[in-house]
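Colleague: I would like to go through this model with you and ask how each label was earned.
Modeller: Go ahead.

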Amino acid sequence: MSVASVIGGTGLSTHAAAPARHSTQNAVQGASQLSCGGEESMKAAVQTAAQAGTPGRPPMSDEAFKNVRLLKGIPVDEFMGAMGLFSAATSMCCLECHAEDWAADTPRKITTRKMIDMVNTINRTNFSGRKVVSCWTCHRQSDRPQVTPSLDVVYGEPIFWAPDDLFFQAKGAPSPETVLDKYIQAVGGAERLAKLTSFAGKGSSSLYGGFKSAFEIYVKAPNQRTTIIHQELGDKTMTFDGKNGWLASAVTPVPVLDLTGGELDGARLDAELSIPGRVKQVLTQWRANLPTSVNGHSVNVLQGTGAGGVTATLYFDEQSGLLTRVVRYANSAMGRVPTQIDFEDYRDVAGVKIPFKWTFAWVSGRDDVQLTEVQPNVAIDAAKFGKPAPAVAPK
Ligand code: HEC
Ligand code: HEC
């Protein structure tokens, strides 16, 4: 199986979402089937979208692609985010809607266009245009939404649905300032943070805990970061250079994707949180919700907003004060596109606690990263934070 080709990350896997939980057509799948096959043919279908568009600005969906009728005039990363939302909501691989030629209209693409129109109409005529109904509202990981309540579900184990809505400062919740101060203290304190100016790390990354690929990370304070997963079909590289962000991958219709809006904000957040000395300034409008629990641990919950429109919810272990989860949402034409990062295995690096293990989940893939070694305060070639080249399969 060539699971190595999967990319999680901001937007572009040609794979479907996580295993189907209650699709009427797909039985629950094992990780080996998640790729849904077809990476090779997908690769052959890669278009050179980056060449279209006006110089100086990334191409829009209808400039980059051939047959876009509804989701026009939006950045390509947002368009791909919408594709990820379709996959996640219906539990379909890209290839279950698409033919090998992405632009070709299949019966499911035609149905989907009707669905897009329907969703837009529902929101416009009932909710003054607010995007409160999405594909997920009905589909919830199934190709056919259910009509009748299932009593097994009603009386079964409760499912934890992460609070996906934006929240306000809750009465009785701690002040965001207190929680962030405790976090800075927990990772080593402002003084030690200021002394850690860069690090380079190595380890492995695997898809849903399966096949392992070599992984590298480069971080330079305050906000440059590059991660590279050496996959079978070529490297998957995510870079934020302090201002711009990119995702390069072999398995995507766009070889090097420019990050925009909320996805760009998200990449900036990931970079800043790698050496979190400026955590308070990274987002604005900080607010706290009442503490809750994640995986049996009490957590403080903060939310903040980024300049490009990202909303991020941060979960801090109540006892240790460490950051255990970030869920960030980028806006798209079809609803918010979530990315969730879960951190664990904090270890000491030059007096600062750095997570050595995390999972990076997006609507169409999840990478499980484990670092094995981290070198603090190393000189990193500036080119490491430049725009990545398109992925090339190793010979
Ligand atoms: C539920 C069906 C569905 C799924 C799943 C889906 N797509 Fe799409 N896709 C569409 C529809 C519909 C369009 C056309 C949108 C429009 O006309 O505005 C489209 C258009 C595209 C295009 C533009 C093709 C062109 O040249 O016109 C690309 C590229 C694409 N999708 C990639 C993907 C990828 C990658 C995935 C998996 C992450 C995916 N799609 C999942 C329905 C789907
Ligand atoms: C208001 C509820 C609702 C929303 C919102 C909704 N759908 Fe559907 N969708 C349905 C129902 C119900 C069916 C099954 C219809 C049938 O059985 O004839 C369906 C069927 C489909 C199918 C056909 C599945 C198959 O078996 O081939 C696709 C694809 C699909 N929806 C995609 C989407 C996408 C993508 C979105 C978001 C743009 C969306 N739907 C939003 C209710 C919804």
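Colleague: Which residues does Gly245 touch, leaving aside those up to four places away in sequence?
Modeller: Gly245 touches Thr239, Phe240, Leu259, Leu264 and Ala267. Keep in mind that this is a predicted model. A contact here requires C-beta atoms within 7 Å, and those five residues meet that with Gly245.

Colleague: Why is Gly245 called buried?
Modeller: The cut-off for buried is 20 or more other C-beta atoms within 10 Å. Gly245 has 25, so it is buried. Gly245 lies in strand S5, residues 245-248.

Colleague: Why does Asn377 count as partly exposed?
Modeller: A residue with 12 or fewer neighbours is exposed and one with 20 or more is buried, with partly exposed in between. Asn377 has 13 C-beta neighbours inside 10 Å, so it counts as partly exposed. Asn377 sits in the segment after strand S13 (365-376).

Colleague: What is the separation of the C-alpha atoms of Asn377 and Ser198, 179 residues apart along the chain?
Modeller: The two C-alpha atoms are separated by 4.7 Å. Ser198 is also among the residues that Asn377 touches, along with Leu196, Thr197 and Ala350.

Colleague: How do you know that the length of helix H8 agrees with what it should span?
Modeller: The expected span is 1.5 Å times one less than the number of residues. H8 covers residues 176-187, which is 12 residues, so it should span 16 Å; the end C-alpha atoms are 17 Å apart, and that agrees.

Colleague: Which residues of H8 are buried?
Modeller: They are Pro176, Val179, Leu180, Tyr183 and Val187.

Colleague: What puts them on the same side of H8?
Modeller: Their arc around the axis is only 95°, so they lie on the same side of H8. An α-helix has 3.6 residues a turn, so residues three or four places apart point the same way. The face turned away from the buried side of H8 carries the exposed residues Glu177, Thr178 and Gln185. After H8 comes Gly188, with a positive phi near 135°.

Colleague: What makes strand S10 mostly covered?
Modeller: S10 runs over residues 323-330, and 8 of its 8 residues are buried.

Colleague: How do you know that S10 pairs with strand S9 and with strand S11?
Modeller: Pairing takes at least two bridges between the strands. S9 (residues 311-317) is joined to S10 by 6 bridges, and 6 bridges also join S10 to S11 (residues 337-349). Both pairs run antiparallel. Arg325 of S10 is the bridge partner of Tyr315, and Arg325 also stands opposite Asp342 in S11.

Colleague: Which residues take a positive phi in these hairpins?
Modeller: In the hairpin of S9 and S10, with 5 residues between the strands, Gly321 has a positive phi near 85°. In the hairpin of S10 and S11, with 6 residues between them, Gly335 in the turn has a positive phi of about 120°.

Colleague: Which residues are closest to ligand 2?
Modeller: Of the 18 residues that surround ligand 2, the closest are Phe86, Met115, Cys135, Cys138 and Asp143. Helices H3 (76-90), H5 (107-126) and H6 (135-139) each give two or more residues to the shell. H5 gives the most, with 6 residues. By class, the shell has 10 nonpolar, 5 polar and 3 charged residues.

Methods
Residues numbered from 1 in each chain as written. Chains lettered and ligands numbered in written order. Predicted model: local features only at pLDDT ≥ 70, side-chain atom pairs only at ≥ 80, totals over all residues. Helix = DSSP H or I, 4+ residues; strand = E, 2+ residues; numbered from the N terminus. Contact = placed C-beta atoms within 7 Å. Near = placed C-beta within 6 Å. Nonpolar A, V, L, I, M, F, W, Y, C, P; charged D, E, K, R; others polar. Arc of directions from axis to C-beta.
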